[in-house]
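This report describes the fold and selected local contacts of a single protein chain. The sequence and the model are shown first.

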Amino acid sequence: MKPIFGRGPSLQLRLFLAILLSASLMLADNRLSAFADVRYFLNSAIAPLQYAANLPRELLDGLNGQMSSHKQLLAENKALKRDLLMMKSNVLLLDQLQQENQRLRNLLGSPFVRGERKMIAEVMAVDSDSYSYQVMIDKGRVDGVYEGQPVINDKGIVGQVSYVGAHNSRVLLLIDPNNAIPVQVVRNDIRVIATGIGKSDEIQLEHVPSSTDIRVGDLLVSSGLGGRYPEGYPVARVTEFSFDNKRPFAQIMAKPTVQFDRLRYLLLVWPTPRENMSETPAAETSAVSGAVSTLGSTAEAKSATSENTVSAEQKKPTNEVTHVN
């Protein structure tokens with residue numbers, strides 16, 4: 001009797017074909033970005049679900065704020081006013097220091113100018129993968145976010161944008177093993193590379209000779225090299241410096257200034273291009289150089305005039321009469 005259903009390929013052959021197809025699709029997506037548009041549309045489709053999943057937390061935060069006692073709110077308001085007054089006084093001094101720093105940089109011909117544009121973003125979700133340290137934020141392509149954009153908070157550098165959707169984006173944190181940032185020591189301006197090691201409270205400085213002048217407690221800030229991260233933002237503080245004579249490089253560990261297990265609100269930064277900001281300092285530097293040259297010429301002229309006057313007085317004949325008693 002002939003069976004109703006024909007016998008298909010064996011299970012081993014089906015498994016081999018499935019593995020081959022999966023490997024081909026992953027290779028095509030990784031090398032050729034063949035499914036970038038598909039991933040973009042799928043991410044846009046599930047964005048409403050992510051916002052819906054985040055809605056209960058926002059409602060609970062709102063209810064918690066409304067149920068706070070009147071006395072507690074008054075105390076918080078008083079403390080915030082006091083902190084605001086202190087911050088305003090610091091801002092006044094900061095503005096003066098920034099202007100003085102800018103004048104000094106103009107004299108030196110440095111193109112560094114601080115003028116970034118920033119946007120507040122909120123963390124929607126945290127990646128649960130133990131081998132990947134990323135967070136999802138509520139800003140996307142419609143807000144002007146781009147891949148590789150630096151992300152900071154009130155403590156320092158957080159990471160960079162690794163994927164941009166229509167209404168949300170993923171941020172690759174600084175502690176991820178696939179992330180690296182050029183930093184410099186504030187004390188002596190030594191430049192090194194810091195990389196994540198998969199720990200929320202520790203990063204590593206790579207390929208640093210044991211003779212390098214780095215000490216425990218040194219503050220590391222972003223150096224601005226590479227053009228990815230803006231210059232001057234805190235990154236970490238050195239906590240360990242050890243070396244072995246059998247190894248060419250020292251083992252240096254640092255603690256990030258950002259608390260990555262407590263991320264809530266972030267700042268997206270649009271750095272100002274150096275080439276657009278370097279024209280004014282260069283022009284001002286030329287003007288200063290011209291002024292200095294003019295002052296120098298005037299001083300030389302005055303010096304020459306003084307010398308000629310002194311010489312003329314020395315050569316002038318003396319008409320004094322000596323009386324002898």
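## Contacts and overall composition

In this predicted model, residues 24 or more positions apart account for 59% of the contacts in the chain with a separation of 6 or more. The chain contains five helices and twelve strands. Of its 325 residues, 27% are buried. The exposed area of the chain is about 22600 Å², of which carbon and sulfur atoms supply 58%.

## The barrel containing S1 to S5 and S12

Six strands form a closed barrel in the order S1-S2-S5-S4-S3-S12, and their pairing is antiparallel. From one strand to the next, the twist averages 45°. Within this barrel, strand S2 (residues 134-137) is joined to strand S5 (residues 169-173) by four bridges, and the two run antiparallel. Ile137 stands opposite Ser169 in S5.

Helix H2 (residues 36-66) lies across three strands, namely S1 (117-126), S2 and S4 (157-164). The helix runs at about 80° to S1.

## Asn168 in the loop between S4 and S5

Asn168 is placed in the loop between S4 and S5. Is this residue, Asn168, buried or exposed? Asn168 has a relative accessible area of 0% and is therefore buried, the limit being under 20%.

Two polar contacts involve the side chain of Asn168. One joins it to the side chain of Asn43 at 2.7 Å, and another joins it to the side chain of Gln50 at 2.6 Å. Both Asn43 and Gln50 fall within the range of H2, residues 36-66. When neighbours within four places in sequence are left aside, the residues in contact with Asn168 are Asn43, Ala47, Gln50, Met124, Met136, Ile137, Asp138, Lys139 and Gly140. Ile137 thus appears again here as a contact of Asn168, in addition to standing opposite Ser169 in S5.

## Asp138 in the loop between S2 and S3

Asp138 lies in the loop between S2 and strand S3 (150-152). With a relative accessibility of 18%, Asp138 counts as buried because the limit is under 20%.

Which backbone atom does the side chain of Asp138 reach? The partner is the backbone nitrogen of Glu122, at 2.9 Å. Apart from neighbours within four places in sequence, Asp138 is in contact with Tyr51, Ala121, Glu122, Met124, Asp143, His167 and Asn168. Met124 is listed among the contacts of Asp138 and also among those of Asn168. Between Asp138 and Ala125, which are 13 residues apart along the chain, the C-alpha atoms are separated by 9.4 Å.

## The barrel containing S6 to S11

A further set of six strands closes into a barrel in the order S6-S7-S8-S11-S10-S9, with antiparallel pairing. Neighbouring strands of this sheet are turned against each other by 45° on average, direction ignored.

Several of the pairings can be specified by residue. Strand S6 (residues 180-185) pairs with strand S9 (residues 219-222) in the antiparallel sense over three bridges, and the bridge partner of Val185 in S9 is Leu220. S9 is also joined by three bridges to strand S10 (residues 234-242), again antiparallel; here Leu219 stands opposite Arg237 in S10. Strand S7 (residues 191-199) and strand S8 (residues 202-206) pair antiparallel over five bridges, with Gly196 opposite Ile203 in S8.

## Aromatic pairs

A pair of aromatic rings is described by the distance of the centres and the angle of the planes. How many aromatic pairs does the count give? The count comes to two aromatic pairs. Tyr40 and Phe41 form an edge-to-face pair, 5.8 Å centre to centre and with 75° between the planes. Phe41 counts as exposed because its relative accessibility is 58%, and the limit for that class is over 50%.

Phe241 and Phe243 form an edge-to-face pair as well, 6.4 Å centre to centre with 65° between the planes. This pair counts as edge-to-face because the angle of 65° is over 60 degrees. Phe241 is partly exposed, with a relative accessible area of 23%, and Phe243 is also partly exposed, at 48%.

Key: Residues numbered from 1 in each chain as written. Predicted model: local features only at pLDDT ≥ 70, side-chain atom pairs only at ≥ 80, totals over all residues. Heavy atoms only, no water. Buried < 20%, exposed > 50% of the residue type's maximum accessible area, 1.4 Å probe, protein only. Contact = heavy atoms within 4.5 Å. Areas by Shrake-Rupley, 256 points an atom, 1.4 Å probe, with all protein chains shown as cover. Pairing = 2+ DSSP bridges. Axes fitted to C-alpha atoms, helices over the stretch in contact; angles between N-to-C directions. Polar contact = N/O pair within 3.5 Å; in protein donor to acceptor, adjacent residues only side chain to side chain. Phe/Tyr/Trp six-rings, centres within 6.5 Å; stacked < 30°, edge-to-face > 60°.
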